[in-house]
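Biologist: Mind if I poke at how you label things in this one? Show me the chain and we'll go from there.

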Amino acid sequence: MKLSFLPEDTGWFCEKCELKMTPGLTELHYQGNVFKVELLVCPSCGAVLIAEDLAVGRMLEVEKLLEDK
Ligand SMILES: [Zn+2]
């Protein structure tokens, strides 16, 4: 399952490195499941950005999908 947590506004910068964050894939563990998610990653230190409201909204969708199985 692949999800995208890219915010509509991709003009985010890493606070630490002051570099523009770029889209990348990472694994997210959630309630015993592993999801490949696309989100903004700092090319230097690897910090990821997940807009919190976005992530919570998507996770609720995912939970519904899993329950429907
Ligand atoms: Zn950084």
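Modeller: Sure. One term to start with: a strand here is a DSSP run of E with at least two residues, numbered from the N terminus. And keep in mind that the model is predicted.

Biologist: Then what makes the place of valine 48 a strand?

Modeller: Valine 48 sits in strand E4, residues 48–49. A strand needs at least two residues in an E run, so E4 qualifies.

Biologist: Which pattern does the chain follow along the sequence?

Modeller: It reads β-β-β-β-α, with four strands and one helix in the chain.

Biologist: Why is valine 48 called partly exposed?

Modeller: Valine 48 has 15 C-beta neighbours inside 10 Å. Buried takes 20 or more and exposed takes 12 or fewer, so valine 48 lands in between and counts as partly exposed.

Biologist: And how much of the chain is buried?

Modeller: Buried residues account for 10% of its 69 residues.

Biologist: Which residues is valine 48 in contact with, leaving aside neighbours within four places in sequence?

Modeller: Thr26, Leu39, Leu40 and Val41. They count as contacts because their C-beta atoms lie within 7 Å of that of valine 48. As for threonine 22, its C-alpha is 9.4 Å from that of valine 48, at 26 residues apart in sequence.

Biologist: Which elements have the lowest and the highest mean pLDDT?

Modeller: Helix H1 (residues 52–68) has the lowest, 74, and strand E3 (residues 33–41) the highest, 85. The chain averages 82, and 90% of the residues score at least 70.

Key
Residues are numbered from 1 along each chain as its sequence is written. This is a predicted model: local features need pLDDT of at least 70, side-chain atom pairs count only at pLDDT 80 or more; totals for chains, interfaces and linings use all residues. pLDDT is the predictor's confidence in each residue, from 0 to 100. Two residues are in contact if their C-beta atoms, placed from the backbone, lie within 7 Å.
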